[in-house]
Amino acid sequence: MTGMPIEDEDVSESGGTDGPGRTLLPDKDCLPGKEPGAFRTIGEVAEDLDLPQHVLRFWETRFTQVRPLKRGGNRRYYRPDDVDLLRGIRRLLYGQGYTIRGAQRVLRERGMRFVQAVGRGEQVAPAFVESDHEPEPETAAPPLGRADRASLTAVLDELRACRRQLARVKPADLRGDAPAG
């Protein structure tokens, strides 16, 4: 077994060591597959979902439900439920053409368990047609004060006077064809 030496004072010096107080850990390539319930690193999840790691970190900022366990050095460890959720988000975004806002809406309306089931292939999200923007709630503008109304009336009167002056100008004058005089 090849491996990397680590310091371990409790290990005897006989067998499985690489000198006094050092034991060999198997290389990552030599480790058998992880148990289904084991935590996964961001690299393992990214590889499993065929996504760059930065996309997973970005999704953490857009989907509050994605909360990997963070350990020393801000290393992320994903639970199996986290991986199912990410797989579901990936299916919504890449497989079904949802936007981030649309996937957020599915999460909000259907819940995390539904999106996890989508990730496992047990559910299919409904076809979703998204508008470019959320409809703004109808709210009446606050009433204008006397000073604001007077100011706007003065500006409107000025604009009307400009329009009257422009109406009196001949089209030839606008093109610059009029004789100077």
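**Close-ups of a predicted model**

**View 1. Glu-60, a buried residue of helix α2.** Glu-60 has a relative accessibility of 15%, so it counts as buried, the cut-off being under 20%. Keep in mind that this is a predicted model. Glu-60 sits in helix α2, which covers residues 53-62. Leaving aside residues up to four places away in sequence, Glu-60 touches Val-66, Pro-68, Lys-70, Arg-76 and Tyr-78. With Arg-76 there is also a polar contact between the two side chains, at 2.5 Å. Leu-86 lies 26 residues from Glu-60 along the chain, and the C-alpha atoms of the two are 9.7 Å apart.

**View 2. The open sheet of β3, β5 and β4.** Here we look at three strands that line up in the order β3-β5-β4, with antiparallel pairing. The edges belong to β3 (40-41) and β4 (69-71), each of which pairs on one side only. Between β4 and β5 (residues 75-78), the antiparallel pairing runs over three bridges. Take Leu-69 as a place to zoom in: its bridge partner in β5 is Tyr-77. Helix α3 packs on this sheet, where it touches β3 and β5, and its direction makes about 90° with that of β5. As a reminder, strands of a sheet pair through backbone hydrogen bonds, either parallel or antiparallel.

**View 3. Helix α5 and the helices it packs against.** Helix α5 spans residues 112-120, and its buried residues are Phe-114, Val-115, Gln-116, Ala-117, Val-118 and Gly-119. So who are the neighbours? The buried residues of α5 pack against α3 (80-95) and α4 (100-110). Follow the chain just past α5 and you reach Gly-121, which takes a positive phi of about 85°. Helix α3 is also the helix from View 2 that packs on the sheet, touching β3 and β5.

**View 4. Stepping back to the whole chain.** To place the close-ups, here is the protein chain with its seven helices and five strands. Read from the N terminus, the elements run β-β-β-α-α-β-β-α-α-α-α-α. The chain has 181 residues, and 22% of them count as buried. Among contacts with a separation of 6 or more, 47% link residues 24 or more positions apart. The protein chain exposes about 13600 Å², with carbon and sulfur atoms supplying 52% of that area.

How values were computed: Residues numbered from 1 in each chain as written. Predicted model: local features only at pLDDT ≥ 70, side-chain atom pairs only at ≥ 80, totals over all residues. Heavy atoms only, no water. Helix = DSSP H or I, 4+ residues; strand = E, 2+ residues; numbered from the N terminus. Buried < 20%, exposed > 50% of the residue type's maximum accessible area, 1.4 Å probe, protein only. Contact = heavy atoms within 4.5 Å. Areas by Shrake-Rupley, 256 points an atom, 1.4 Å probe, with all protein chains shown as cover. Polar contact = N/O pair within 3.5 Å; in protein donor to acceptor, adjacent residues only side chain to side chain. Pairing = 2+ DSSP bridges. Axes fitted to C-alpha atoms, helices over the stretch in contact; angles between N-to-C directions.
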